[in-house]
Amino acid sequence: MQIYANFKNLDSILKKLSPQQMYGALEFAFSDTLMLSEYIAKTFVPVKRGELRSSITQQYDGNLRGRIGTNLHYAPYPQFGTGIYGPLGRRIVPRKAKVFYNKYTGKYYGRSISGQRPQEYFTKAFNKLKTEAPKNFSQRVMEKLGGSMP
């Protein structure tokens, strides 16, 4: 995602700053916006036990680049859906058994199941960030530089 921001009186502020001070302000604003992005992504995650939500992290890569994501192997399933709701669009059938059985609950589910609907938590977070991130970034830069917003 690229961030576009408007600044008021930026020319007069830039004349007073060294390149290191300006880069420091941008880095501060970017890091804060990255943390906001992580928070927003976590608000849209479906929660059963909280593992998926707590696994979402942000990483600052330097040079004003960062990423937000999770390392859980099952994270794509709630995002994109499974079974008839997923990318393949077909029912889920057991590989070895004749029916699905949950050994924890003792329930049988039949020869096939339809799957789970996509919840698109990262998509929802991205759509919200398109408006929130530029505002937050601009505010943090001006906060660090001592200027005002338009």
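Helices (H or I, at least four residues) and strands (E, at least two) are DSSP runs, numbered from the N terminus. This is a predicted model, in which local features need pLDDT of at least 70 and side-chain atom pairs count only at pLDDT 80 or more, while totals for chains, interfaces and linings use all residues. Residues are numbered from 1 along each chain as its sequence is written, and side-chain values use heavy atoms, with hydrogens and water left out.

**Stop 1: the surface patch**

Select Tyr101, which lies in strand E3 (residues 100-102). Tyrosine 101 has a relative accessible area of 45%, and it counts as partly exposed because the class runs between buried (under 20%) and exposed (over 50%), with a 1.4 Å probe and protein chains only. Add Val99 and Tyr108: with Tyr101 they form a nonpolar surface patch with about 330 Å² of accessible area together. Patches are made of residues with over 30% relative accessible area and no salt bridge, nonpolar side chains (Val, Leu, Ile, Met, Phe, Trp, Tyr) being joined within 5 Å and like charges within 9 Å. The areas come from the Shrake-Rupley method with a 1.4 Å probe, and for residues only the protein chains shown count as cover.

**Stop 2: the hairpin**

Select residues 57-62 (strand E1) and residues 65-69 (strand E2), which run antiparallel and are joined by 5 bridges. Two strands pair if DSSP finds at least two bridges between them. Tyrosine 60 stands opposite glycine 66 in E2.

Now move to the turn, where 2 residues separate the strands of the hairpin. Asparagine 63, in the loop between E1 and E2, has a positive phi near 50°; this residue is exposed at 65% relative accessible area. Leucine 64 is found in the loop between E1 and E2 and has a positive phi near 55°, but leucine 64 is partly exposed at 28%.

**Stop 3: the nonpolar cores**

Select Ile40, Ala41, Val45, Leu52, Ile56, Ala75, Tyr121, Ala125, Leu129 and Ala133, the 10 residues of the largest nonpolar core. Such a core is a set of buried Ala, Val, Leu, Ile, Met, Phe, Trp, Tyr and Cys residues joined through side-chain atoms within 4.5 Å. Helix H2 (19-44) and helix H5 (121-145) each supply at least two residues of this core, and H5 gives the most, with 4 residues. Apart from this core lies another of 9 residues, among them Ala25, Phe137, Val141 and Leu145.

Centre on Ala125. Not counting residues up to four places away in sequence, alanine 125 touches Ile40, Ala41 and Phe44, contact meaning heavy atoms within 4.5 Å.

**Stop 4: the salt bridges**

A salt bridge is a side-chain nitrogen of Lys or Arg within 4 Å of a carboxyl oxygen of Asp or Glu. The count by this rule is 5.

In helix H2, select Glu38 and Lys42, which lie 4 residues apart, about one turn of the helix. Their side chains meet in a salt bridge at 3.1 Å, N to O. Glutamate 38 is buried at 16% relative accessibility, whereas lysine 42 is partly exposed at 23%.

Next select Arg49 and Glu51, whose closest N and O atoms are 3.2 Å apart in a salt bridge. Arginine 49 is exposed at 67%; glutamate 51 is partly exposed at 37%.

Finish in helix H5 with Arg140 and Glu143, 3 residues apart. The closest N and O atoms of their salt bridge are 3.0 Å apart. Arginine 140 is partly exposed at 22% relative accessibility. Add Asp32 to the selection: salt bridges that share partners join Asp32, Arg140 and Glu143 into one network.
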